[in-house]
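Colleague: Got a minute to go through this model with me? I'd like to take the helices, a few residues and the pocket in turn.

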Amino acid sequence: MDNEKLEQELDNWRNVDYRMYNEGLEYCFKQYSSFEEIEDEEFHKMRLSLISQMDAIRSFVKKRIEEIENKLESHE
């Protein structure tokens, strides 16, 4: 791999790092970009898994809120 390509790859990874810490993980991976310029299969596997887990925890929290609200309403 030539230096120019390595420098571009380094810039791409630095961009991901910056976005994760300055924009937040959810915005970074769900709204900002799918980071197609990153040519790393493991990265994309983890990125998709993270998105799935973020969605799952949001659903879980929402479900628990609804359950507790229903319990409170039934006790009134």
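What follows is a set of questions and answers about the structure shown.

Colleague: Before we start, what should I know about how the values were made?

Modeller: This is a predicted model, where local features need pLDDT of at least 70, side-chain atom pairs count only at pLDDT 80 or more, and totals for chains, interfaces and linings use all residues. Residues are numbered from 1 along each chain as its sequence is written, and side-chain values use heavy atoms, with hydrogens and water left out.

Colleague: OK, what length does helix H1 reach from its first C-alpha to its last?

Modeller: Helices here are DSSP runs (H or I, at least four residues), numbered from the N terminus. H1 takes in residues 3-23, which is 21 residues. The expected span is 1.5 Å times one less than the number of residues, and that gives 30 Å for H1. The model comes close to it, with H1 reaching 29 Å.

Colleague: Which residues of H1 are buried?

Modeller: Buried means under 20% relative accessible area, exposed over 50%, and partly exposed in between (1.4 Å probe, protein chains only). The face turned away from the buried side of H1 carries the exposed Asn3, Glu4, Glu7, Arg14 and Tyr21. The buried residues in H1 are Asn12, Val16 and Arg19.

Colleague: And why do those buried residues sit on the same side of H1?

Modeller: An α-helix has 3.6 residues a turn, so residues three or four places apart point the same way. The buried ones in H1 are Asn12, Val16 and Arg19. They are on the same side of H1 because the arc they cover around the axis (taken from the directions from the axis to the C-beta atoms) is only 70°.

Colleague: Which helices are included in what covers the buried residues of H1?

Modeller: Looking from the other partner, the buried residues of H3 are Phe43, His44, Arg47, Ile51 and Met54. These pack against H1 and H2. For H1, the cover includes H2 (25-32) and H3 (41-74).

Colleague: How far apart are the end C-alpha atoms of H3?

Modeller: H3 has 34 residues, and at 1.5 Å a residue they should span 50 Å. The model agrees with that, since the end C-alpha atoms of H3 are separated by 50 Å.

Colleague: Back to Arg19: which residues does it touch, not counting those up to four places away in sequence?

Modeller: Arg19 is in H1 and counts as buried because its relative accessibility is 17%. Contact means heavy atoms within 4.5 Å. Leaving out residues up to four places away in sequence, Arg19 touches Gly24, Cys28, Tyr32 and Phe35.

Colleague: Where is Phe35, and what is its phi?

Modeller: Phe35 is in the loop between H2 and H3. It is buried, because its relative accessible area is 0%. Gly24, which follows H1, has a positive phi near 95°. Phe35 is not a glycine, yet its phi is positive too, near 55°.

Colleague: What does Cys28 touch, beyond residues up to four places away in sequence?

Modeller: Cys28 is in H2 and counts as buried because its relative accessible area is 0%. Its contacts, with residues up to four places away in sequence left out, are Val16, Arg19, Met20, Ser33 and Phe35.

Colleague: Is Ile68 buried or exposed?

Modeller: Ile68 is in H3. Its C-alpha is 41 Å from that of Asn15, with their positions 53 residues apart in sequence. At 51% relative accessibility, Ile68 counts as exposed.

Colleague: Last one: how much space lies in the largest pocket?

Modeller: By class, the lining has three nonpolar, two polar and five charged residues. Of the 10 lining residues, Lys5, Glu9, Asn12, Glu37 and Glu39 are the closest to the centre of the largest pocket. The space in this pocket is about 180 Å³.

Methods: 1 Å grid on protein atoms, 1.4 Å probe; cavity = no way out; pocket = protein on both sides within 12 Å on 5 of 7 lines; lining within 4 Å. Points joined across faces, edges and corners; volume = space filled by probe spheres on them. Nonpolar A, V, L, I, M, F, W, Y, C, P; charged D, E, K, R; others polar. Helix = DSSP H or I, 4+ residues; strand = E, 2+ residues; numbered from the N terminus.
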